[in-house]
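Me: I am in my first year and would like a close look at a single part of this structure, the second largest pocket. Please take me through its lining with care, and then say a little about the cysteines.

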Amino acid sequence: MNLSVTLKCCSRARLFRNKAAVYHCRRLSDVPVSSGESPPSPEQEKPGRTRRAPGKAAVLLFPGQGSQFVGMGKGLLKYGNVKEMFAVAEKVLGYDLLSLCLNGPEKDLMKTVHCQPAVFVCSLAAVERLNHENPAAIESCVSAAGFSVGEFAALVFSGAMNFAEALFAVKERAEAMQKASDLVSSGMLSVIGRPQANYRSACVQAREHCLSLGIQEPVCAIANYLFPDGRVIAGHKEALDFLQNHSRELNFMRTRLLPVSGAFHTALMQPAVEPLRDILRKIEVRRPEISVHSNVDGKRYMHDKHVRNQLAKQLVSPVKWEQTLHEIYERAQGQEFPHTYEVGPGRQLGSTLQKCNMKAFKNYTHVDVVLP
């Protein structure tokens, strides 16, 4: 299904309009008005967002691939637009995403082509839950960031993208990444090292090992900067085997292969870049209405072209999550930290925040995608 057909069949959904959580920060004049409502008067419109004291502000963090699990989404249909979100997702994706999230099977949910859309939709469903349970958290949000595919959810929340279009981009992104993964045997290795560990040198040694095996242009590089001494290294399978077999000499305390299909955020994803770039040219992208930080360098997105360029570049660049957290939470001594909400499956981002900034973590809350 192409983009124009997909969006035409979803046009009746009219998701996230007037006062919905994910468009909370767009100027009222930018929000389409549904029938029966009057447009806001000029006196009601404000030129910008009110500056908030740090202790009264909120930050939203959106998880990425790997956080998914069977059962997520249970009980969330009663909140806001969640039921309609999953209805639109079924039209965009061509399958029942809600059933896959709730019932699995797990082997299907774990596939890149399924788990990326699933995490995207469930994270925005968690935003709707937060908006219902604590609307002040939504209204006071000044900054957001997402891990890998989580960036798309953060951008929808910020008003920079439309839900259906962003979901279509996520779908195409996941399919392109899977195709790139199928070209070569590769993967990702989570590493926790000792302070003296030299990750770049380890990658060089692993690439040299691959060359000795006759592998042309081997890839082995840092794919995720998680926290001090916490990295994910990705590349050819033979390179990852070398790292695991020589972990003691490389000062790696713990290594674990991640259950993913390829070497994401490395040069092996280059075949996926142009398909994603092409989709991003076709969808509407606006300047975020709050600070949204890019995985590529941790800096804020400045305009629509910046968003498009960085999202494509992200596929072949390491996720600089540790650096992003420093950008978000850096402040003068004695200044209060904002309230942080991880919206979506899992608590991995809270765990990294705890390791990067314990003071900021004290104001952390997880908004789960399953009701007790």
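Reply: A pocket here is an open set of grid points with protein on both sides within 12 Å along at least five of seven lines, and a residue belongs to the lining if it has an atom within 4 Å of a point. The model is predicted, and in this model the second largest pocket has a volume of about 770 Å³. Its lining is made up of 32 residues, and those that lie nearest the centre of the pocket are Leu226, Val232, Arg256, Leu258 and Gln348. Several elements give two or more residues to this lining, namely the strands β3 (186–193), β4 (220–227), β5 (230–236) and β6 (252–257), together with the helix α14 (348–356). Of these, α14 gives the most, with five residues. In chemical character, the lining residues of the second largest pocket divide into 14 nonpolar, 14 polar and four charged.

Now for the cysteines. A disulfide is a covalent bond between the sulfur atoms of two cysteines. A search of the whole structure finds zero disulfides. For Cys203, the closest cysteine sulfur is that of Cys220, at 3.9 Å, which is too far for a bond, because a disulfide requires the two sulfur atoms to be within 2.5 Å. Seen from the other side, the closest cysteine sulfur to Cys220 is that of Cys203. As for exposure, Cys203 counts as buried, with a relative accessibility of 3%, and Cys220 also counts as buried, with a relative accessibility of 1%.

Notes:
Residues are numbered from 1 along each chain as its sequence is written. This is a predicted model: local features need pLDDT of at least 70, side-chain atom pairs count only at pLDDT 80 or more; totals for chains, interfaces and linings use all residues. Side-chain values use heavy atoms; hydrogens and water are left out. Buried means under 20% relative accessible area, exposed over 50%, partly exposed in between (1.4 Å probe, protein chains only). On a 1 Å grid over the protein atoms alone, a cavity is a set of points where a 1.4 Å probe fits but cannot get out, and a pocket is an open set with protein on both sides within 12 Å along at least five of seven lines; lining residues have an atom within 4 Å of a point. Grid points are joined across faces, edges and corners, and a volume is the space filled by probe spheres set on the points. Helices (H or I, at least four residues) and strands (E, at least two) are DSSP runs, numbered from the N terminus. Ala, Val, Leu, Ile, Met, Phe, Trp, Tyr, Cys and Pro count as nonpolar, Asp, Glu, Lys and Arg as charged, and the others, Gly among them, as polar.
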